[in-house]
Amino acid sequence: MPKHPQDRSCFTNILLDEKVPFVPASGPGSKSLSWYTCRATVYDVSHMGHARNYVTFDIIRRVLEDYFGYNILYVMNVTDVDDKIILRARRNYLLAKYKEGKHTDAEVKAFAPERVRTGCDSATIYAVASDFVAEELDREQGKSVTDSSIFRAHAAKYEAEFTQDMDSLGVRRPDVLTPCQRVHGRDCGLRQENCKTNGMAYESNGSVYFDTTNFRACGHTYGKLKPWAVGSSALAAEGESNFETSEKRSNTDFALWKASKTGEPFWESPWGQGRPGWHIECSAMASTLIGSRMDIHTGGDDMRFPHHDNELAQAEAFYHNEGCHQWVNYFLHSGHLEIEGLKMSNSLKNSITIREALKSFSARQLRLLLVLQSWNKSMVYGEASRAEMKAREAQLKNFFQNIEVAVRGVDEITSCAKWQAEEEGPVSKAAGSTESEARSLRLQLPRSSPCSYARRGWDAKGAGYLDAFAAFRDEVRSLARTKVDPKETMTACDRVRDVALVELGVRLEEPTRWQGHLEARRPSSYKG
């Protein structure tokens, strides 16, 4: 048997789109790992797509920590400044202020589409078309919103809700949680300046852009994770507003620093007032804590391009003089989530929030639903799965209840091995196979051994009472089925009193014909 479990373990590495041996950056045999994961952009409530991502990697993290024994530095960012956050916070603020005023139905209807105006009062308009009202208000008054606390309060609200949702799903908290705003100034500015010094960034009208052409000329590869997407403005624009700007030298370049606009939060910089681009935020936060070489980086499959590809480019440009051409060793991306056969998306209006899902499923059932899927493939979420997951949950409960029964007769239990040698091999083999990764994860047991789990909450005497009661119940049921003489049932009752309970040190006295009481003594005191 290999000395270290990782000597035979493999990862499906998205950098190569294939299964490869897993070797820590700190060397073969090392138990230390660094792991960075992108947190949800906190502009709205968290949904089942987030659950799919974070529960999936929580399970993989637990396998690495609890089975393989790795010591992981698990870092998660909080994207609390972003185009989506700014837009949603500003619109929500303007809509709330507008609702506080006294406006006629006609004034409110003027903001709504023609198809919902007829027969609707202002309350109905707010209920079914508030997005249209907020959009029009933002177009007219958006530049007047200058208080930065409005944007921070919006992000803080959904950041807190996200944390609560992850706790509800049993996701382990990260070792380090780093909000983006805390690293905006020094860290983001340092990385942008370094990229410029290395010839891989340029300033234009107060903004700073990453130069993908010079990046390639310096010997780097742009678009490692999704090379076929490079040059797609539609994909690139999903992560950056005003992507099609004339300020850039190439349509594949992207913003490191965005010059300040009215109605947006800003920070001071060598290039004037502005804020970091989305991609540089993650590069700055991750490399500040982890450095120039990272073991694992995770996220949803939709993050491959442009976000993660741009992260890689920025970090490699920053560490260019150190010879860095591979900032991350293993990229893992969870598969898409489909709702009743359709990809979940805001445009289809089929998003299901985590809190809505927890009204139909327990947290354990949701985790079972996710662990029974291949982690890097698309999966389907639907109400039809509820009955199956309830049955699966019942199977697990019965399994552990049977363990409790099986070990009650053991006089003394010392520490039990978490994995026996004959169990370890199949689990490791399954963990290294893409086709059977889901089956591998199904084999997980709780971190404590079955023996310690079975003893939790029961001492030997308490378990003995249960056994005596269960045996008596079985005997009475058997007698009832065979319709024997009632005297046989009375004899069974006497056996419980004179044998089973006496062995447990309990005396059942019967002062009257139909009443009795229990008295606990040493078992030897009842035996002649």
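Visitor: What makes strand S7 (residues 207-210) and S8 a pair?

Guide: Three bridges join S7 and S8 in the antiparallel sense, and two strands pair if DSSP finds at least two bridges between them. Three meets that minimum, so S7 and S8 count as paired. Phe210 stands opposite Phe254 in S8. Strands here are DSSP E runs of at least two residues, while helices are H or I runs of at least four, both numbered from the N terminus. One caution: this is a predicted model, in which local features need pLDDT of at least 70 and side-chain atom pairs pLDDT 80 or more, while totals for chains, interfaces and linings use all residues. Residues are numbered from 1 along each chain as its sequence is written, and side-chain values use heavy atoms, leaving out hydrogens and water.

Visitor: Which strand does S8 join through three bridges that run antiparallel?

Guide: That is S9 (residues 274-276), where Pro276 is the bridge partner of Trp257.

Visitor: Why is strand S8 (residues 254-259) called largely enclosed?

Guide: A residue is buried under 20% relative accessible area, exposed over 50%, and partly exposed in between, using a 1.4 Å probe and protein chains only. Five of the six S8 residues are buried, so the rest of the structure largely encloses this strand.

Visitor: Is Ser283 buried or exposed?

Guide: Ser283 has 2% relative accessibility, so it counts as buried. Its place is in helix H9 (residues 278-290).

Visitor: What makes the approach of the Ser283 side chain to the side chain of Gln314 a polar contact?

Guide: The term asks for a pair of N or O atoms within 3.5 Å; within protein, one must be able to donate a hydrogen and the other to accept it, and residues adjacent in sequence count only if both atoms belong to side chains. The Ser283 and Gln314 side chains meet at 2.8 Å, so the distance satisfies that limit. Contact in general means heavy atoms within 4.5 Å; beyond its neighbours within four places in sequence, Ser283 touches several residues, including Arg191 and Trp327.

Visitor: Which side chain makes a polar contact with that of Asp66?

Guide: The side chain of Arg172 does, at 2.8 Å. Asp66 belongs to helix H1 (residues 48-67) and is buried at a relative accessible area of 12%.

Visitor: How many cavities of 30 Å³ or more does the structure hold?

Guide: Eight. On a 1 Å grid over the protein atoms alone, a cavity is a set of points where a 1.4 Å probe fits but cannot get out, and lining residues have an atom within 4 Å of a point. Grid points are joined across faces, edges and corners, and the volume is the space filled by probe spheres set on the points. The second largest cavity holds about 90 Å³ and has 14 lining residues. Phe305 is among those nearest its centre, and H10 gives the largest share of the lining, three residues. The peptide bond from Phe305 to Pro306 is cis, with omega near 10°.

Visitor: Why is Asn205 called exposed?

Guide: Asn205 has a relative accessible area of 62%, so it passes the limit for exposed. This residue sits in the loop between strand S6 (201-204) and S7, with phi near 55°, a positive value in a residue other than glycine.

Visitor: What is Asp17 called at a relative accessible area of 45%?

Guide: Asp17 is partly exposed, because 45% falls between the two limits. Asp17 lies in the loop between strand S1 (10-13) and strand S2 (18-21).

Definitions and conventions:
1 Å grid on protein atoms, 1.4 Å probe; cavity = no way out; pocket = protein on both sides within 12 Å on 5 of 7 lines; lining within 4 Å.
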